[in-house]
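User: Please consider the model shown below. I should like to go through its packing, its strand pairing and its confidence.

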Amino acid sequence: MSSAALEATVSPVRVLARQPDGNSSAITPLVTHCSNCHLRDLCLPCGMTGGDVERLDSLMFGRRRVLAGQTLYREGDGFQFIYAVRSGTFKSSLMLSDGREQVSGFYMAGELMGLDGVAHGAHASSTTALEDAEICAIPYAHFASVAASSSGMQHVVSRLMSREIVREHSLMVLLGSMNAEERLAAFLLNLSQRLKARGYSASEFHLRMSRAEIGSYLGMTLETVSRTFSAFQQQRLLEVDKRHIRITDLDGLTRAFDTRVH
């Protein structure tokens, strides 16, 4: 892109999250602190000093399970929290004026969601679990208040915002200057690198998103996505079994979009 747990000195924050049926359910108090979370080198504490991580622990983030297909927040919902993925995969999406869904991102363990709400106080997209997942809910007002007294945490906030800008820029480049093979190769290689950083295989993985969702994200039709997967198989770059992917020629897949990277 662990130190021992610190004892909490404040009562846990309890927050509410809306369910798909409109009901609210309490998020349970956090059991694992950021300081000893297995994702600390990928998630919010990354790059923080011990003192700043202790301040982070004192916030006592709420935690909850999100079932496959459940929406965590919807476009237009009031912004209160940013969310750290502890497990599972999510997609973010926008609803276009003609009723079509435009997928704008995919998130996995250690990545943060919900920063789209900072600018205007309301979420600009919806986020949905692609499999059973777990998240930590970080009250943004509390986090910003603590960050105001720490230059280290202010740097973290700036880094998070910068990461979102870089992600948006990368998507614009992907959609604006690459052909279908380059787009799909870039997407698969990005997934490969992110999974490797989390200790999983970089060459063999299961896609949690559908081909239609991949196509929406990459600006490709479902037919083009399927045809491009078939082309990669014929070129012996991949082996594909439904959603199961095995990259058999990593160098060859990299060459499929390498000229656009440099």
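**A glycine and its surroundings**

User: Leaving aside its neighbours within four places in sequence, with which residues is Gly215 in contact?

Analyst: This is a predicted model, in which local features need pLDDT (the predictor's confidence in each residue, from 0 to 100) of at least 70 and side-chain atom pairs count only at pLDDT 80 or more, while totals for chains, interfaces and linings use all residues. Residues are numbered from 1 along each chain as its sequence is written, and side-chain values use heavy atoms, with hydrogens and water left out. Contact means heavy atoms within 4.5 Å. By that criterion, the partners of Gly215 beyond four places in sequence are Met220 and Val225.

User: Does Gly215 count as buried or exposed?

Analyst: Gly215 lies in helix 5; helices (H or I, at least four residues) and strands (E, at least two) are DSSP runs, numbered from the N terminus. Buried means under 20% relative accessible area and exposed over 50%, with partly exposed in between (1.4 Å probe, protein chains only). Because its relative accessibility is 1%, Gly215 counts as buried.

**Nonpolar cores**

User: Which element gives the largest share of the largest nonpolar core?

Analyst: A nonpolar core is a set of buried Ala, Val, Leu, Ile, Met, Phe, Trp, Tyr and Cys residues joined through side-chain atoms within 4.5 Å. The largest one has 28 residues, and Phe187, Leu188, Leu207, Ile214, Phe229, Leu238 and Leu253 touch the most other members. Elements that give two or more residues include strand 8 (101-107), helix 5 (211-218) and helix 6 (222-234). The largest share, 7 residues, comes from helix 4.

User: How many residues does the second, separate core have?

Analyst: Phe187, beyond its neighbours within four places in sequence, contacts Phe106, Met209, Ile214, Tyr217 and Leu218. The second core is separate and includes Phe79, Leu115, Val156 and Val157. Its number of residues is 17.

**Strands and sheets**

User: Why is one side of strand 5 and of strand 8 left without a neighbour in the sheet?

Analyst: Two strands pair if DSSP finds at least two bridges between them. Here 4 strands form an open, antiparallel sheet in the order 5-10-7-8. Strand 5 (71-73) and strand 8 stand at the edges, so one side of each lacks a neighbour because each has a single partner strand.

User: What angle does the direction of helix 5 make with that of strand 8?

Analyst: Axes are lines fitted to C-alpha atoms, for helices over the stretch in contact, and angles run from 0 to 180 degrees between N-to-C directions. With direction ignored, neighbouring strands of the sheet are turned by 30 degrees against each other on average. Helix 5 packs on this sheet, touching strand 7 (90-95) and strand 8, and its direction makes with that of strand 8 an angle of about 100 degrees.

User: How many residues of strand 11 are buried?

Analyst: Strand 11 (residues 133-139) pairs antiparallel with strand 4 (residues 62-66) over 5 bridges and with strand 6 (residues 81-87) over 6 bridges. Both of its faces are covered, with Ala133, Ile135, Ala137 and Pro139 on one side and Glu134, Cys136 and Ile138 on the other. The buried count is thus 7 of 7.

**Confidence**

User: Which element has the highest mean pLDDT?

Analyst: The chain averages a pLDDT of 80, and 77% of the residues score at least 70. Over residues 1-26, pLDDT stays under 50. The lowest element mean, 40, belongs to strand 1 (residues 16-18), and the highest, 97, to strand 10.
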